[in-house]
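Welcome! Please take a look at the sequence and the structure below, and then we can walk through them together.

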Amino acid sequence: MNNPVIQSLRKRRSQYSLGRKVGQSRAEIEALIKEAIRLSPSSFNSQSSRAVILFGAQSEKFWALAGEALRPLVPAEAFEATAAKLASFAAGVGTVLFFEDQDVVKGLQEQFALYADNFPVWSEQSSGIAQVATWTALAEAGIGASLQHYNPVVDDAVRSEWDIPASWKLRAQMPFGSNEAPFADKAFMDDAERFRVLA
Ligand SMILES: Cc1cc2nc3c(=O)[nH]c(=O)nc-3n(C[C@H](O)[C@H](O)[C@H](O)COP(=O)(O)O)c2cc1C
């Protein structure tokens with residue numbers, strides 16, 4: 001299929017083998033990530049998504065903080081594998097931390113009481129949309145990434161390290177960098193089980 005969006009979506013894969021050999025400057029990557037999030041839709045155009053973009057030593061700091069937070073929780077014999085995994089994320093160019101601003105969610109619940117139960121769900125959906133937009137934009141630029149969830153274990157450390165507002169809730173982490181390995185094979189389920197088309 002020749003559609004450019006489909007072609008970009010096809011390029012987006014989970015890349016766990018990251019390096020630092022990207023062609024873009026940090027400023028270019030920053031602009032790309034900001035634009036992907038800015039263009040992502042949100043309920044009532046509330047723009048509840050927030051992002052902290054960490055490059056270089058700041059990204060390494062995040063993965064070190066994740067290690068410190070996990071050490072007391074992971075059995076000692078399993079920690080080496082955990083540390084190796086965290087090191088693979090730190091080996092990239094940077095990490096995007098995705099947050100949702102709970103003050104925005106609360107404000108919407110107060111303003112539109114009828115939908116109060118929906119706003120937290122829509123906020124999560126908006127975060128997912130922003131994540132996939134960022135991931136796809138990076139892929140289109142030839143930059144590999146994966147989606148990680150070390151929240152809430154790492155939340156307190158992140159809040160104090162980067163002075164994150166109390167209302168920002170960490171939802172996901174996206175380490176990115178050069179693609180240093182081919183993507184794993186990926187199986188797709190049968191369309192017949194997944195889609196119904198009626199006309
Ligand atoms: C909502 C969501 C949560 C995910 N969480 C993780 C995660 O915590 N760690 C991880 O390595 N991959 C995570 N993934 C990546 C999926 O495992 C991956 O997208 C899926 O296996 C398809 O592979 P692909 O990304 O290469 O297309 C997540 C993906 C989604 C959409």
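## Strand 5 and its partners

Strand 4, residues 143-145, pairs with strand 5 in the antiparallel sense, and three bridges link the two. One place to find this pairing is Ala-145, whose bridge partner in strand 5 is Phe-176. Before going further, please keep in mind that this is a predicted model.

Strand 5 has other partners too. Eight bridges join it to strand 3, and these two strands run antiparallel. If you look for Leu-97, you will find that its bridge partner in strand 5 is Gln-173. Strand 1, which covers residues 18-19, is also antiparallel to strand 5 and is joined to it by two bridges. Here Gly-19 has Ser-178 of strand 5 as its bridge partner.

Is strand 5 mostly covered or mostly open? Mostly covered: ten of its twelve residues are buried.

## Two nonpolar cores

In soluble globular proteins, nonpolar side chains tend to be buried together. In this model, the largest nonpolar core holds 21 residues. Those with the most contacts inside that core are Phe-62, Trp-63, Leu-97, Phe-99, Val-154, Val-158 and Trp-162. At least two residues each come from strand 2 (49-55), helix 3 (56-70), helix 4 (76-90), strand 3 (94-101), helix 7 (155-162) and strand 5 (168-179). Which of these elements gives the most to the core? The answer is helix 3, with five residues.

Val-154 is a good residue to zoom in on. Leaving aside residues up to four places away in sequence, Val-154 touches Phe-62, Leu-65, Ala-66, Ala-69 and Leu-170. There is also a second core, separate from the largest one, with 15 residues. Among them are Ile-33, Ile-143, Ala-172 and Phe-176. You have met Phe-176 already, as the strand 5 bridge partner of Ala-145.

## Around the ligand

Which residues surround the ligand? They are Arg-12, Arg-13, Ser-14, Tyr-16, Trp-135, Leu-147, Gln-148, His-149 and Lys-186.

Three of these names are worth a closer look. Tyr-16 has a polar side-chain atom 2.8 Å from an oxygen atom of the ligand. Gln-148 also uses its side chain, where an N or O atom lies 3.0 Å from a ligand oxygen atom. With Leu-147, the backbone takes part: one of its N or O atoms is 3.0 Å from a nitrogen atom of the ligand. On its own, the ligand has 620 Å² of accessible area, and the protein covers 53% of that.

## Unusual backbone spots

Most residues other than glycine have a negative phi, and most peptide bonds are trans. With that in mind, turn to the loop between helix 2 (26-38) and strand 2, where Phe-44 is found. The phi of Phe-44 is positive, near 55°. Asn-45 lies in the loop between helix 2 and strand 2 as well, and its phi is also a positive value, near 50°.

Are these residues exposed or partly exposed? Phe-44 counts as partly exposed because its relative accessibility is 43%. Asn-45 has 54% relative accessibility, so it counts as exposed.

One more backbone feature is the peptide bond from Asn-151 to Pro-152, which is cis, with omega near 0°. To find this spot, look for Pro-152 in the loop between strand 4 and helix 7.

Methods
Residues are numbered from 1 along each chain as its sequence is written. This is a predicted model: local features need pLDDT of at least 70, side-chain atom pairs count only at pLDDT 80 or more; totals for chains, interfaces and linings use all residues. Side-chain values use heavy atoms; hydrogens and water are left out. A nonpolar core is a set of buried Ala, Val, Leu, Ile, Met, Phe, Trp, Tyr and Cys residues joined through side-chain atoms within 4.5 Å. Buried means under 20% relative accessible area, exposed over 50%, partly exposed in between (1.4 Å probe, protein chains only). Helices (H or I, at least four residues) and strands (E, at least two) are DSSP runs, numbered from the N terminus. Contact means heavy atoms within 4.5 Å. Two strands pair if DSSP finds at least two bridges between them. A residue is near a molecule or strand if one of its heavy atoms lies within 4 Å of it. A polar contact is a pair of N or O atoms within 3.5 Å; within protein, one must be able to donate a hydrogen and the other to accept it, and residues adjacent in sequence count only if both atoms are side-chain atoms. Accessible areas come from the Shrake-Rupley method with a 1.4 Å probe; for residues, only the protein chains shown count as cover.
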